[in-house]
Amino acid sequence: MTETTGAQIGAPPRWEWRTFAETLAELEGRVGRAAQVSPRHSQEVYLVNGRAPHNAKIRDGLLDVKRIKTTSTTGLELWEATLKRGFPMSAPTVASFFAALDLAPPALQRETYSTDEFLDDVIGRDPAFRAITVTKERRVFSFDGSRAELARLSIGGASFETFCIEDECAERVERALRELGLNPAANTNYPKFLERRS
């Protein structure tokens with residue numbers, strides 16, 4: 001499967017399942033040769049806000065928001081890419097970022113914002129937000145027909161690993177989880193994981 005930078009705006013929502021641990025070596029062994037692809041390195045800033053369940057981050061100069069639409073009875077989560085904009089960013093686009101998170105925008109003092117201005121003057125002035133830098137070494141591949149990802153993370157000097165599997169079809173995700181011996185209900189997304197650590 002070709003490496004991608006994430007879900008594109010207008011793409012169908014995808015069902016996702018994710019887990020985090022200090023090591024996922026055993027799971028990586030179960031995934032096998034499918035995971036033997038070249039890693040992609042990135043440094044991302046997650047914008048965690050306990051008032052909003054959605055996923056917001058800055059990666060490769062783009063502000064990226066995915067909204068959680070629903071959770072299945074088995075525990076899978078349905079996510080939709082809602083906003084992906086580059087910096088510098090206009091004040092109306094900053095306001096649309098807050099709307100995508102179901103939050104009221106603050107009073108904006110600038111017509112446009114660079115990345116640093118956005119982080120300092122908007123995110124940094126809202127005590128409900130935590131800007132958390134995550135360094136990733138991630139491998140994206142296909143497992144049993146679904147998109148999968150294994151990544152090594154560095155967060156504030158601590159190391160973790162994460163595995164995700166996602167697909168437009170919930171049944172395909174659940175089939176892959178059964179094949180790997182994973183429990184659909186044991187699902188933890190990035191906002192929940194990072195909120196616990198902030």
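## Close-up views of a predicted model

**View 1. Helix α2 and the residue that follows.** Let's start with helix α2, which runs over residues 91–100: its buried residues are Ala91, Thr93, Val94, Phe97, Phe98 and Ala100. Keep in mind that this is a predicted model. An α-helix has 3.6 residues a turn, so residues three or four places apart point the same way. Try picking out Val94 and Phe97, two of the buried residues of α2. Just past the end of α2 you'll meet Asp102, whose phi is positive, at about 65°.

**View 2. How far to trust the picture.** Across the protein chain the mean pLDDT is 94, and 96% of the residues reach 70 or more. Residues 1–5 are another story, with pLDDT staying under 50. Where pLDDT is low, the predicted coordinates should not be read in detail. For what it's worth, the model has 14 contacts beyond four places in sequence for residues 1–5.

**View 3. A salt bridge between β1 and β4.** Here the side chains of Lys66 and Glu16 come together in a salt bridge, 2.8 Å from N to O. Where do the two partners sit along the chain? Lys66 belongs to strand β4 (residues 62–71) and Glu16 to strand β1 (residues 14–21), so this pair links distant parts of the chain, 50 residues apart. Are they buried or exposed? Lys66 is buried, with a relative accessible area of 14%, and Glu16 is buried too, at 9%. Buried means under 20% here, which is why both values count.

**View 4. A salt bridge between two loops.** Next up are Asp126 and Arg51, joined by a salt bridge whose closest N and O atoms are 3.1 Å apart. Asp126 is in the loop between α3 (115–123) and β8 (129–143), while Arg51 is in the loop between β2 (40–49) and β3 (55–59), so the bridge ties together parts 75 residues apart in sequence. The two partners don't match in burial: Asp126 is buried, with a relative accessible area of 17%, whereas Arg51 counts as exposed at 53%.

**View 5. Lys57 and its surroundings.** Now zoom in on Lys57, which you'll find in strand β3. Lys57 is buried, with a relative accessible area of 9%. Its salt-bridge partner here is Asp64, with the closest N and O atoms 3.9 Å apart. Asp64 is buried as well, with a relative accessible area of 8%. Which residues does Lys57 touch, not counting those up to four places away in sequence? They are Glu44, Val45, Tyr46, Leu47, Leu62, Leu63 and Asp64. Take Val45: 12 residues separate it from Lys57 in sequence, yet the C-alpha atoms are 5.4 Å apart in space.

**View 6. A network of salt bridges around Arg152.** How many salt bridges does the structure hold? The count is 22. Some share partners, and in that way Glu28, Glu137, Arg139, Arg152 and Glu161 are joined into one network. Arg152 lies in strand β9 and is partly exposed, with a relative accessible area of 34%. Leaving out neighbours within four places in sequence, Arg152 is in contact with Glu28, Thr135, Lys136, Glu137, Arg139, Phe160 and Glu161. For a sense of scale, look across to Pro106: it is 46 residues from Arg152 along the chain, and their C-alpha atoms are separated by 35 Å.

**View 7. The largest cavity.** The structure has two cavities of 30 Å³ or more, and the largest holds about 280 Å³ of space. Its lining is made of 25 residues, and those nearest the centre are Glu16, Arg18, Lys57, Lys66 and Glu166. Elements giving two or more residues to this lining are β1, β3, β4, β5 (77–86), β8, β9 (146–155), β10 (158–167) and α5 (190–197). Strand β1 supplies the largest share, with four residues. What kinds of residues line the cavity? Seven are nonpolar, five are polar and 13 are charged.

**View 8. Ile9, ahead of β1.** Last stop: Ile9, in the segment before β1. Ile9 counts as partly exposed, with a relative accessibility of 46%. Setting aside neighbours within four places in sequence, Ile9 is in contact with Ala81, Thr82, Leu83 and Lys84. Glu117, by contrast, is 108 residues from Ile9 in sequence and 25 Å from it in space, C-alpha to C-alpha.

Technical notes. Residues numbered from 1 in each chain as written. Predicted model: local features only at pLDDT ≥ 70, side-chain atom pairs only at ≥ 80, totals over all residues. Heavy atoms only, no water. Salt bridge = Lys/Arg side-chain N within 4 Å of Asp/Glu carboxyl O. Buried < 20%, exposed > 50% of the residue type's maximum accessible area, 1.4 Å probe, protein only. 1 Å grid on protein atoms, 1.4 Å probe; cavity = no way out; pocket = protein on both sides within 12 Å on 5 of 7 lines; lining within 4 Å. Points joined across faces, edges and corners; volume = space filled by probe spheres on them. Nonpolar A, V, L, I, M, F, W, Y, C, P; charged D, E, K, R; others polar. pLDDT = per-residue confidence, 0-100. Contact = heavy atoms within 4.5 Å.
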